[in-house]
Amino acid sequence: MRLADLLADGRLASAMRAGFPLYVALTIELRESRALWDRTAGRWVSEYVVQFDPVREVYVLEDQDGMEEIPGRDGLARRLGRVYVVTLRPDGPGRYHYRASASARMRTGEAVDEVYAGRRGDEADSTRHRPGLLARAARKLLVEVAPLPRLDLEARTADFEQK
């Protein structure tokens, strides 16, 4: 899976430049292959939001570690293309595989605020970087008139045996 290719979808890039935050959730799972249902033996999740700041012409990426300003679309493509090294090991003998999924969708400002407020457990802090009333009303109207773009990716490795 290549997340740098998210920007190749012109709809996502255009929506970001129009002021919509891009919410990305990455999940990597180690799954034990079973006859009926696979069992999750380990999981790693990362979430972040990218917003375009038209005044400074930079992208602002916020994740669980803080905020990062990224100059230009090429810089954002490099940041989205970052390779994650995740260590998930089988917890016993059996047949296993890794499954990776990425979900990228444009969100309204309120939805992003709710995601971060819920994750932090602090509703007051979530309004600190909120856009103004007019910008929020315009986004809400656009969301109801035209659906926002989204992209879901998934990949799976071949099964391997753990003895």
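This talk describes the fold of a single chain, its strand pairings, its nonpolar core and a few individual residues.

Good morning. Please keep in mind throughout that the structure above is a predicted model.

I begin with the overall layout. The chain has 163 residues, and 39% of them count as buried. It contains 4 helices and 7 strands. Read from the N terminus, the order of these elements is α-β-β-β-β-α-β-α-α-β-β. Contacts between distant parts of the sequence are well represented: taking the contacts with a separation of 6 or more, 68% join residues 24 or more positions apart. The exposed surface of the chain comes to about 9800 Å², with 52% of it supplied by carbon and sulfur atoms.

Let me turn to the strands at the start of the chain. Strand S1 covers residues 22-32 and strand S2 covers residues 39-53; the two pair in the antiparallel sense over 11 bridges. Together they form a hairpin, with 6 residues between the strands. As a point of orientation, Leu22 has Val50 of S2 as its bridge partner.

S2 also pairs with strand S3, residues 58-63, again in the antiparallel sense, here over 6 bridges. In this pairing, Gln51 stands opposite Val60 of S3. S2 and S3 form a hairpin as well, with 4 residues between them.

The turn of this second hairpin deserves a moment. Which residue in the turn has a positive phi? That residue is Glu57, with a phi of about 55 degrees, although Glu57 is not a glycine. Glu57 lies in the loop between S2 and S3 and is partly exposed, its relative accessible area being 44%.

Beside this turn there is a polar contact of 2.7 Å, which joins the side chains of Asp53 and Arg56. Asp53 itself belongs to strand S2. At 18% relative accessibility, Asp53 falls under the 20% limit and therefore counts as buried.

I now come to the interior. In soluble globular proteins, nonpolar side chains tend to be buried together. In this model, the largest nonpolar core has 21 residues, and those with the most contacts inside it are Met16, Leu22, Tyr48, Val50 and Leu76. Which elements give two or more residues to this core? They are helix H1 (10-17), the strands S1, S2 and S3, helix H2 and strand S5.

Leu22 shows how several parts of the chain meet. Setting aside its neighbours within four places in sequence, Leu22 is in contact with Leu12, Met16, Tyr48, Val49, Val50, Ala104, Arg105 and Met106. One of these partners, Leu12, has its place in helix H1.

Is Leu12 buried or exposed? With a relative accessibility of 1%, Leu12 counts as buried. Its own contacts, again without neighbours within four places, are Leu6, Leu22, Met106, Pro149, Arg150 and Leu151. Leu12 and Met106 are 94 residues apart in sequence, yet their C-alpha atoms are 7.2 Å apart in space.

A second pair of this kind involves Gly81, which lies in the loop between helix H2, residues 72-80, and strand S5. Gly81 and Leu3 are 78 residues apart in sequence and 5.5 Å apart from C-alpha to C-alpha. With 36% relative accessibility, Gly81 counts as partly exposed.

Next, Ser103, a residue of strand S5, which spans residues 94-106. Ser103 is buried, at a relative accessible area of 13%. What does the side chain of Ser103 make a polar contact with? The partner is the side chain of Asp152, at 3.0 Å. Beyond residues up to four places away, Ser103 touches Tyr23, Val24, Ala25, Leu151 and Asp152.

Finally, the aromatic residues. The chain has 3 aromatic pairs. In one of them, Phe52 and Tyr59, the ring centres are 5.0 Å apart and the planes stand at 55 degrees, so this pair is tilted. Phe52 and Tyr59 are both buried. Elsewhere, Tyr96, Tyr98 and Phe160 form one aromatic cluster.

To close, I would draw attention to two points. S2 pairs in the antiparallel sense with S1 and with S3, and these three strands are among the elements that give two or more residues to the largest nonpolar core. Thank you for your attention.

Note on methods:
Residues numbered from 1 in each chain as written. Predicted model: local features only at pLDDT ≥ 70, side-chain atom pairs only at ≥ 80, totals over all residues. Heavy atoms only, no water. Buried < 20%, exposed > 50% of the residue type's maximum accessible area, 1.4 Å probe, protein only. Polar contact = N/O pair within 3.5 Å; in protein donor to acceptor, adjacent residues only side chain to side chain. Contact = heavy atoms within 4.5 Å. Pairing = 2+ DSSP bridges. Core = buried A, V, L, I, M, F, W, Y, C linked by side-chain atoms within 4.5 Å. Areas by Shrake-Rupley, 256 points an atom, 1.4 Å probe, with all protein chains shown as cover. Phe/Tyr/Trp six-rings, centres within 6.5 Å; stacked < 30°, edge-to-face > 60°.
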